Amino acid sequence: MSVHQSYRLRAPSTGREVIIEAEPDRPYVDRETGEQLEIVGALLPLAPSPSDLPWAVENLRFCNWCDQHCQKDLNDCPRCGRRMAALGG
Ligand SMILES: [Zn+2]
């Protein structure tokens, strides 16, 4: 189980972005400029999630029961809760 949520943070002066597992009420500082990073957005899947894979086409498959997208590293469908068929090789 992933308990930390990943966020995109941006340094205001340089526009440089980093992705870290952050707690939103904690300040994070850019290593190069020393300025406080602003949160740009949260990454999917939102914590807590049984999958560590980002929600992207190359990481998704269709559940053979309910035909919904789910991450490839899961055995059980997060939508219908049923055990999915093994991925074909
Ligand atoms: Zn399903």
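These notebook entries record what I looked up in this predicted model.

**Entry 1: the zinc site**

I began with the zinc ion and asked which protein atoms bind it. Its donors are the SG atoms of Cys63, Cys66, Cys77 and Cys80, at 2.3 to 2.4 Å from the ion. I then examined the geometry. The angles among the 4 donor atoms run from 105 to 116°, and the site is tetrahedral. Along the chain, I noted that the donors follow the spacing C-x2-C-x10-C-x2-C.

I next looked up the accessibility of two of these donors, Cys63 and Cys66. Cys63 has a relative accessible area of 1% and is therefore buried, the cut-off for that class being under 20%. Cys66 stands at 25% relative accessibility, so I entered Cys66 as partly exposed.

**Entry 2: Asp67**

I turned to Asp67, which lies in the loop between β4 and β5 (69–71). I recorded a positive phi of about 65° for Asp67, although this residue is not a glycine. I noted this value because most residues other than glycine have a negative phi. Is Asp67 buried or exposed? With a relative accessible area of 54%, Asp67 is exposed, since the cut-off for that class is over 50%.

**Entry 3: Asn59**

I located Asn59 in the loop between β3 (38–42) and β4 (60–62). Its relative accessible area is 16%, so I listed Asn59 as buried. Which residues does Asn59 touch, leaving aside those up to four places away in sequence? I found contacts with Leu53, Pro54, Cys70, Gln71 and Lys72.

**Entry 4: strand β1 and its partners**

I then followed strand β1, residues 6–10, and sorted its residues by face. Tyr7 and Leu9 make up the covered face, whereas Ser6, Arg8 and Arg10 make up the uncovered one.

I looked up the pairing of β1 with β2 (residues 17–21) and found an antiparallel arrangement over 5 bridges. The two strands form a hairpin with 6 residues between them. In the turn, Gly15 has a positive phi of about 75°. From the covered face of β1, Leu9 has Val18 in β2 as its bridge partner.

How many bridges join β1 to β3? I recorded 4, and these two strands also run antiparallel. Tyr7, on the covered face of β1, stands opposite Ala42 in β3.

**Entry 5: summary**

I close with two points for reference. The zinc ion has Cys63, Cys66, Cys77 and Cys80 as its protein donors. Strand β1 pairs in the antiparallel sense with β2 and is joined to β3 by 4 bridges.

Key. Residues numbered from 1 in each chain as written. Predicted model: local features only at pLDDT ≥ 70, side-chain atom pairs only at ≥ 80, totals over all residues. Heavy atoms only, no water. Donors = N, O, S within 2.8 Å, 3.2 Å for Na, K, Ca; no water. Tetrahedral: all angles 85-135°; square planar, octahedral: opposite > 155°, others 65-115°. Buried < 20%, exposed > 50% of the residue type's maximum accessible area, 1.4 Å probe, protein only. Contact = heavy atoms within 4.5 Å. Pairing = 2+ DSSP bridges.
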